[in-house]
Amino acid sequence: MDMNILKRLENIELAGITFIRDYIQFLFDGNVVLSTYTLPQIEIENKTISYVQYGYCDTLYSLIGKHVLSAYEDKKGNKIVIRFENNTDVTVSLNMEDRQSAEAAMLQVDNEEWNVW
């Protein structure tokens, strides 16, 4: 697996979000798609918003048009962190107990490169 593929998200803009039954796709400029099968949490202004809380979808929607400052898998390998220019972090847990399926997330870049966590 290419762990540096997350760096491909850096400095590009979130163009759209698609909510599909039980997962979310983040659509970035340059034909880059991050599918999150484990629903991400949002960390903004020292609070954490999960998918069951009021304002979750609106907060994700507010990230459209924002650039990614950094994207990485944390050192322990238990989450993916995507930080946007407004200092909002979208985190996807990679822990087995948080997963709804075998995969937590998949990143596709230009339909040529991809990685599954």
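Leaving out residues up to four places away in sequence, Asn86 touches Leu63 and Lys66 in this predicted model. Asn86 belongs to the loop that links strand 7 with strand 8, and its side chain makes a polar contact of 3.1 Å with the side chain of Thr88. With a relative accessible area of 31%, Asn86 is partly exposed, because the buried class is reserved for values under 20% and the exposed class for values over 50%. For a sense of distance, Asn86 and Gln41 are separated by 45 residues in sequence and by 16 Å in space, taken from C-alpha to C-alpha.

The two strands on either side of this loop pair with each other. Strand 7 (residues 79-84) and strand 8 (residues 89-93) run antiparallel and share five bridges. Within this pair, Ile80 faces Val92 of strand 8. A salt bridge also involves this region, with the side chains of Asp89 and Arg83 meeting at 2.6 Å, N to O. The two partners differ in their surroundings: Asp89 counts as buried because its relative accessibility is 8%, whereas Arg83, at 32%, counts as partly exposed.

Strand 7 has a further partner in strand 6, to which it is joined by five bridges, again in the antiparallel sense. Here Tyr72 stands across from Val81 in strand 7. The two strands make a hairpin with five residues between them, and Gly77 in the turn adopts a positive phi of about 75°.

These pairings are part of a wider arrangement. Five strands form an open sheet in the order 5-4-8-7-6, with antiparallel pairing. Strand 5 (47-49) and strand 6 (68-73) occupy the edges; each has a single partner strand, so one side of each remains without a neighbour in the sheet. On average, neighbouring strands of this sheet are turned by 20° against each other, with direction ignored.

Another hairpin is found earlier in the chain. Strand 1 and strand 2 (residues 23-28) run antiparallel and are joined by six bridges, with Gln25 in strand 2 as the bridge partner of Thr18. Two residues lie between the strands of this hairpin, in which Arg21 takes a positive phi near 35°.

Turning to the interior, the largest nonpolar core has 30 residues, and those with the most contacts inside it are Leu9, Phe26, Phe28, Leu60 and Leu107. What does Leu60 contact, leaving aside its neighbours within four places in sequence? Its partners are Ile17, Phe19, Ile24, Phe26, Ile42 and Val90. One of these, Phe26, is itself among the core residues with the most contacts.

Thr59 is placed in helix 1 (residues 56-61). Is Thr59 buried or exposed? At 15% relative accessibility, Thr59 counts as buried, since the class covers values under 20%. Its side chain reaches the backbone oxygen of Gly55 at a distance of 2.7 Å. Not counting residues up to four places away in sequence, Thr59 touches Ile42 and Ile49. Ile42 is also in contact with Leu60.

Charged side chains complete the picture. The structure holds four salt bridges, among them the Asp89 and Arg83 pair described above. Salt bridges with shared partners also link Arg8, Asp110 and Glu113 into one network. Within that network, the side chains of Arg8 and Glu113 meet at 2.1 Å, N to O. Arg8 lies in the segment before strand 1 (14-20) and Glu113 in strand 10 (residues 113-116), so this pair ties together parts that are 105 residues apart in sequence. Arg8 counts as partly exposed at 36% relative accessibility, and Glu113 counts as partly exposed at 31%.

A further salt bridge joins the side chains of Lys7 and Glu10, at 3.3 Å from N to O. Lys7, with 46% relative accessibility, counts as partly exposed.

How values were computed: Residues are numbered from 1 along each chain as its sequence is written. This is a predicted model: local features need pLDDT of at least 70, side-chain atom pairs count only at pLDDT 80 or more; totals for chains, interfaces and linings use all residues. Side-chain values use heavy atoms; hydrogens and water are left out. Two strands pair if DSSP finds at least two bridges between them. Helices (H or I, at least four residues) and strands (E, at least two) are DSSP runs, numbered from the N terminus. Axes are lines fitted to C-alpha atoms, for helices over the stretch in contact, and angles run from 0 to 180 degrees between N-to-C directions. A nonpolar core is a set of buried Ala, Val, Leu, Ile, Met, Phe, Trp, Tyr and Cys residues joined through side-chain atoms within 4.5 Å. Buried means under 20% relative accessible area, exposed over 50%, partly exposed in between (1.4 Å probe, protein chains only). Contact means heavy atoms within 4.5 Å. A polar contact is a pair of N or O atoms within 3.5 Å; within protein, one must be able to donate a hydrogen and the other to accept it, and residues adjacent in sequence count only if both atoms are side-chain atoms.
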